[in-house]
Amino acid sequence: MEIESDALGPSSALADDWRKALNRVVSAVVVIKSTVTRAFDTESAGSIHATGFIVDKSLGIILTNRHVVKPGPVVAEAMFLNREEIPIYPLYRDPVHDFGFFRFDPVSVQFMQYEEIPLVPEAATVGLEIRVVGNDSGEKISILAGTLARLDRDAPHYKKDAYNDFNTFYMQAASGTKGGSSGSPVIDCHGRAVALNAGSKTSSASAFFLPLERVVRALSCLQKSRDKTTESWNAIDIKRGTLQMTLMHKGFDETRRLGLKHETEQMVRQASPAAETGMLVVESVVPGGPAHKHLEPGDVLVRVNGEVITQFLRLETLLDDNVGANVVFEVERGGQPRECTLRVQDLHLITPDFFLEVSGGVIHPLSYQQARNFRFECGLVYVAEPGYMLSRAGVPRHAIIKKLAGEEVSNVEGFLSILLKLSKGARVPLEYNTYTDRYRSKSVLVTMDRHEWYAMPQWYKRNDAYGVWKIEPAVQIENSPSAPLDSAKVITQPNRIAEGENEAFITDSPVGSDSKDRESGSIDTGSLEALALESDQLGVDTLKRGECKRRRVLDKNAEQSIVMSDCKGEPMEPTLTGNLPDNRGEGVNDVALSTGSGASVAENILEASFAMFEVHIPPSTMLDGVQTQHSLGTGIVVHHSENLGLVAVDRNTVAIAVSDVMLSFAAYPVEIPAEVVFLHPVHNYALVAYNPESLGSAGVAAIRAAVLLSEPPIQRGESVHLAGLSRSLQVILRKSIVTDPGAALNIGYTEYPRYRAMNMEVIELDTDFGHSFSGVLSDEFGRVKALWARFSTQVKYGDTPAEDMQFTRGIPIHAICEVLDKILKGNSGPSLLINGTKRNMPTVRVLEAELYPTLLSKARSFGLSDSWVQALAKKDPVRRQVLRVKGCLAGSKAEKVLEQGDMLLAIDGHPITCFQDVDYACNLMTENDNNGRLKLTVFRQGMELEVFVGLDVRNGFGTTRMVNWAGGIIQNSHPAVRALGFLPEEGHGVYINRWSHGSPAHRYGLYALQWIVEINGKSTPDLDTFVEVTKELDHGTFVRVKTVYLNGKPRVLTMKQDLHYWPTWELCFDPETATWRRKIIKAHIP
């Protein structure tokens, strides 16, 4: 290899030359801060820092990489050397090669005298001394030196399912560039750009540069697209042709091994420059493309249109100049010459410029980039981001949708057309493929959103003339915003270009008009029941088992005579169970106690009352610090009548009300939706309602409410049956011994505040089924005495991050019975619509202080008198303990009265020793009793005091309102946050719970676990005030935000509003309709 004399090292370029060149170049280099607002094609939503440089200062054009400009919607700013920041807008990105352009308004640059860097691709030679100027490793401006070592390196391969450049050479130098330097100019000593920095190896100092020949052509076309009269950008028209194949440059030694004839090699060497060392070889062909079935991997390219071609650049120039025309390819395959005529396809037509957003997911035609990566045909329905609806069904990112609701899906418009025929809550099968398992289709059940977790489906269409994506509704609701999806009218994707070359992308007529057998209106979801069952693999054997279960439940045994107890513990005869007003006594005498099946009496009885929970939480509504979107657990039916069914379950399974709950029953093979109706604010249980009408007559008869036995309480050493469900809905049961019927629960604070049970006595067993098994504790006759619940906590070992851990304990059933009675008998609490009937839901009076037990022996050491020690020991001779205050919830009534370390001795003069005593006293309180206050006797710092402590009244709805601002999920301070004992004095009603990738909150660092106390100097103490303040803020304006962290540390940051991609909206629960309503507060429509 010869190195040209004018490209020699340091002697050819003096330090003064570099200094002058760099002074000119630095003013043209900008730091790019880009936020990808939505996942699209090969890219995920997120925020990046990169580099760009000005190539036309009069028009305001910045050159950078394609993977910086991104194919999807982005919001970006450029920062000059003097720290002046201006907005920039995507102008063009090449469909294949790693370069793209941003534009800016030159008038917006007020304080910087900047230059432009000329592009001189022909100056790149081996041995040329270069400098890479850019934002390397986030250091604003860095200058890295190197020498061009290769000009014919293969295009780097980054990832198998992400963007990769191909059909081009790259340059290589050991310049050691790292993250942030993407898009940096590679300059010579004259200040000219000879290449564009694109990537590097993490394991070495090698950096890869893109040649600039095609960049120069694209820039010339862009400059012609500028209308000098109106000073606006016309439609960008840069011709790009493709045959949908990938080529590699192979040396002559390898082409000989592929079968290239000696005469052909001799001819090629004579027709090519003397430095030529190889030829182009077909590496892969995309199915369905122009080259498919004509060219194969291993074909050696000889001529195109009679011209010998051995270089990528010449081939690409020829294809770009012949878009829509035919070209003749001459190749050799295994030494045999072949000739074929191929039609050059428009590369832009197989590069999607629109997508459909539905339930947080992004769906668009499969691009050429991903079709090449996955070896699928271009234009298939591609899932760039599954969102909530699809991820809930198990559809992964990069999936290809083939069928929906039994209908073939060939394009995105067809997918939307089928989707809008489905009613809310409908469950239909969806069939898809993945590139990792391409030969087998997978079938899953997709559930239509029943609540307004997300906006209605929307079209996003790229508009490079304005630099933003136009957003339009994909459906038009004809009646009202509350109308179901099946009343919607399809709006086809706007501004589509009708071209016959790419039928997978183009529709001239409204969606669905080409399908003669497709009927308008709603799909009958009942007719899809068989498909749904098949998708869930409920085969014949499963159905037979279900029939056996129903027969076992329905078959009455006249000889059975068991004395049962209702939840109050009062004996009753089986013949009277049908007269119970709340149905909790039904079912025991209706179960055949067959010993032939090998099942115990308790197993047979409980089988009719068990339900398996599957809970999904939308990512957009993850409130109250929840960390998981999906959970499974076992619940027990505690009420079952003609119009109401209630199931009890732990709050580790059902954490918040903003969730979708599906119930599967052990006694009958059916899966139905359910709604959360009660979340206990302190104790670890929830009640979920289902509609018995959804079960059908057979299901209603098969399912029974469990018999709840609250008295007598469980004793130490008592033998109980621990029962629950396996994943296959089979009852699992074992006998266990109670080791402690009243163990004090002690769960520490978690790293991120979230619900944790407190002030509870729980039941411990000698043996169980492990930390993830939930169910019930019953006696030998299947009467439920406790809920076997899962609890969540965190453990930390040394300096390692805290790890989530689960454990199981029993919750005595009497607490659930009390709430259940209030729901069924009615009370004066807030109303809630359940299955079409308004019911008054109970409220809970809570002493909002976290307590813990201390042994009397230690209490005596703290100075507690002998008389109180003896009184408390007499009250509870087994545990011999006294309750102490660990802390009060910030903002509670107890916070003003109780202090940390106080010992609670008595309530109204009656000694108390356990949490149950406190709960009992709170439940007995009414508004008239001491104005709703408890009279407590406390021991504080050697003194006995009598204090009156107010009780806080909490309902069982949980958090019922949230606001999404700038991509941050904002709510009122939930109990887990208040339990930390601190709330900002400036206001604590605007708490950031989570943030979204690609949002302004992500871009500017408005992260979770802090309160927003001021916006532009205006106080925001609560959500109502916050909404009113943010309504006044316009799109694109910078906002000054003052926040306070959980540790009390204040902070001020600035953030730019983006109401186009991230409108402000709120989600509220409406108890009158029992639905979650989504409302747009403010949005920007360009």
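A residue counts as buried when its relative accessible area is under 20%, as exposed when that area is over 50%, and as partly exposed in between (1.4 Å probe, protein chains only). The legends below describe a predicted model, in which local features need pLDDT of at least 70, side-chain atom pairs count only at pLDDT 80 or more, and totals for chains, interfaces and linings use all residues. Residues are numbered from 1 along each chain as its sequence is written, and side-chain values use heavy atoms, with hydrogens and water left out.

**View 1. Salt bridge between Asp952 and Arg954.**
A salt bridge is a side-chain nitrogen of Lys or Arg within 4 Å of a carboxyl oxygen of Asp or Glu. In the pair shown, the closest N and O atoms of Asp952 and Arg954 are 3.7 Å apart. Asp952 is buried, at a relative accessible area of 7%, whereas Arg954 is partly exposed, at 27%. Elsewhere, salt bridges that share partners link Asp94, Arg214, Arg217, Arg240, Glu316 and Asp320 into one network. The structure holds 59 salt bridges.

**View 2. Salt bridge between Arg38 and Glu357.**
The side chains of these two residues, Arg38 and Glu357, meet at 2.6 Å, N to O. Helices (H or I, at least four residues) and strands (E, at least two) are DSSP runs, numbered from the N terminus. Arg38 belongs to the loop between β1 (29–36) and β2 (46–56) and Glu357 to strand β23 (residues 354–358), so the salt bridge ties together parts that are 319 residues apart in sequence. Both Arg38 and Glu357 are buried.

**View 3. Salt bridge within helix α5, between Glu265 and Arg269.**
Helix α5 covers residues 262–271, and Glu265 and Arg269 lie four residues apart in this helix, about one turn. Their side chains form a salt bridge of 3.0 Å, N to O. Is Glu265 buried or exposed? Glu265 is buried, with a relative accessible area of 6%. Arg269, at 41% relative accessibility, is partly exposed.

**View 4. Helices α3 and α6 in contact.**
Two packed helices are described by the angle between their axes and the distance between the axes. Axes are lines fitted to C-alpha atoms, for helices over the stretch in contact, and angles run from 0 to 180 degrees between N-to-C directions. The axes of α3 (residues 213–224) and α6 (residues 312–320) come within 11 Å and cross at roughly 25 degrees. The two helices, α3 and α6, are therefore roughly parallel; angles under 35 degrees count as roughly parallel, over 145 as roughly antiparallel, 65 to 115 as roughly perpendicular and the rest as oblique. Contact means heavy atoms within 4.5 Å. From α3, the residues Glu213, Arg214 and Arg217 meet Leu313, Glu316, Thr317 and Asp320 of α6. The residues of this contact divide into one nonpolar, one polar and five charged. Ala, Val, Leu, Ile, Met, Phe, Trp, Tyr, Cys and Pro count as nonpolar, Asp, Glu, Lys and Arg as charged, and the others, Gly among them, as polar.

**View 5. Helix α14 and the glycine that follows.**
Helix α14 (residues 814–825) has 12 residues and reaches 16 Å from its first C-alpha to its last, close to the 16 Å expected at 1.5 Å a residue. The expected span is 1.5 Å times one less than the number of residues in the helix. Buried residues of α14 include Ala815, Ile816, Cys817 and Val819. Leu820, Asp821 and Ile823 in α14 are buried as well. After α14 comes Gly826, whose phi is positive, near 90 degrees.

**View 6. Lys875 and its contacts.**
Lys875 is located in helix α16 (residues 866–875) and is partly exposed, at 39% relative accessibility. Leaving aside neighbours within four places in sequence, Lys875 is in contact with Pro911, Thr913 and Asp917. The C-alpha atoms of Lys875 and Thr913 are separated by 7.3 Å, although the two residues are 38 residues apart along the chain.

**View 7. Backbone details in two loops.**
A cis peptide bond, with omega of about -5 degrees, joins Glu711 and Pro712. Pro712 is part of the loop between α13 (696–702) and β42 (719–725). His398, in the loop between α8 (387–393) and β26 (400–404), has phi near 75 degrees, a positive value in a residue other than glycine. His398 is buried, with a relative accessible area of 7%.
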